[in-house]
Amino acid sequence: MPSSSLFQSKGARLKDRAHMFKDARNFFEQRGVMEVDCPILSPRASVDAHIDLIRACYHGKTPCYLHSSPEYGMKRLLSEGISDIYQLSHVFRDGELSLKHNPEFTMAEWYRLGFTLQQMMEETVQFIRLFLGELPYRIVNYRV
């Protein structure tokens, strides 16, 4: 399991990160989920009212945006008939800078066609346990 010390060397952190990427890729490969790599730069802004995007400029004049999630590119692939996909992606969110937040971070996102909500929750727990170990969890039901 990766070390969580804030004082570990850059080399040790990079090694931990490389192992986490390897473990994540093995996790999805064992389940037959294909890795994809969607574009990071988009000519259109996403529509999430609670996430501020980082604007970029192509060729000095055309506005574009760094994506806040690979969701839109991945959903385009799903609509074209590609199923069971994941992406480990750099994502960007403006206004997220603090001791615990960085405007650029790595996100794991995946989609499983034909999965029930229960199956997706269980797979998410298994994925998280790759990195945090066998922590207890419980599912809380609620009504709207």
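Arg-31, Asp-84, Arg-112 and Glu-123 are joined to one another in a network of salt bridges. That makes a good starting point for a look at this predicted model. In total, the structure holds 6 salt bridges.

**Salt bridges, pair by pair**

Three further pairs are worth finding on the structure. The table gives the N to O distance for each.

| Positive side chain | Negative side chain | Distance, N to O |
|---|---|---|
| Arg-25 | Glu-35 | 3.0 Å |
| Lys-75 | Glu-71 | 2.7 Å |
| Arg-129 | Glu-134 | 3.2 Å |

Let us begin with the top row, where Glu-35 and Arg-25 meet in a salt bridge. Which parts of the protein does this pair tie together? Glu-35 belongs to strand S1 and Arg-25 to helix H1 (residues 10-30), so the contact links parts that are 10 residues apart in sequence. Both partners are partly exposed: Glu-35 has a relative accessible area of 35%, and Arg-25 stands at 33%.

The next row stays inside one helix. Lys-75 and Glu-71 both lie in helix H2 (residues 71-79), 4 residues apart, which is about one turn of the helix. Lys-75 is partly exposed at 38% relative accessible area, and Glu-71 is partly exposed at 25%.

Are the partners in the last row buried or exposed, or something in between? Arg-129 counts as partly exposed, with 24% relative accessibility. Glu-134, at 67%, counts as exposed.

What about charge over the protein as a whole? There are 18 positive and 17 negative side chains, and the centres of these two sets lie 3 Å apart.

**Strand S5 and its neighbours**

Now turn to strand S5, which runs over residues 85-92. How many of its 8 residues are buried? The count is 7, so this strand is mostly covered, where buried means under 20% relative accessible area.

S5 pairs with strand S1 (residues 34-35) in the parallel sense, over 2 bridges. Here we meet Glu-35 again: its bridge partner in S5 is Tyr-86. Glu-35 therefore takes part in a strand pairing through Tyr-86 as well as in the salt bridge with Arg-25 that ties strand S1 to helix H1.

S5 also pairs with strand S6 (residues 104-111), this time in the antiparallel sense and over 8 bridges. To trace one of these contacts, find Ser-89, whose bridge partner in S6 is Met-107. As you look at the strands, keep a general rule in mind: in a regular strand, side chains alternate between the two faces of the sheet.

**The whole protein**

Stepping back, the protein contains 3 helices and 6 strands. In what order do they come along the sequence? Reading along, you meet the pattern α-β-β-β-β-α-β-β-α.

The C-alpha atoms fill a box of roughly 50 × 45 × 35 Å, taken along the principal axes. Of the 144 residues, 26% are buried. The accessible surface comes to about 10,700 Å², and carbon and sulfur atoms account for 56% of that surface.

One more value concerns contacts across the sequence. Among contacts between residues at least 6 apart in sequence, 52% join residues at least 24 apart.

Technical notes. Residues numbered from 1 in each chain as written. Predicted model: local features only at pLDDT ≥ 70, side-chain atom pairs only at ≥ 80, totals over all residues. Heavy atoms only, no water. Buried < 20%, exposed > 50% of the residue type's maximum accessible area, 1.4 Å probe, protein only. Pairing = 2+ DSSP bridges. Contact = heavy atoms within 4.5 Å. Areas by Shrake-Rupley, 256 points an atom, 1.4 Å probe, with all protein chains shown as cover. Lys, Arg positive; Asp, Glu negative; His and termini not counted. Charge placed at Lys NZ, Arg CZ, Asp CG, Glu CD. Salt bridge = Lys/Arg side-chain N within 4 Å of Asp/Glu carboxyl O.
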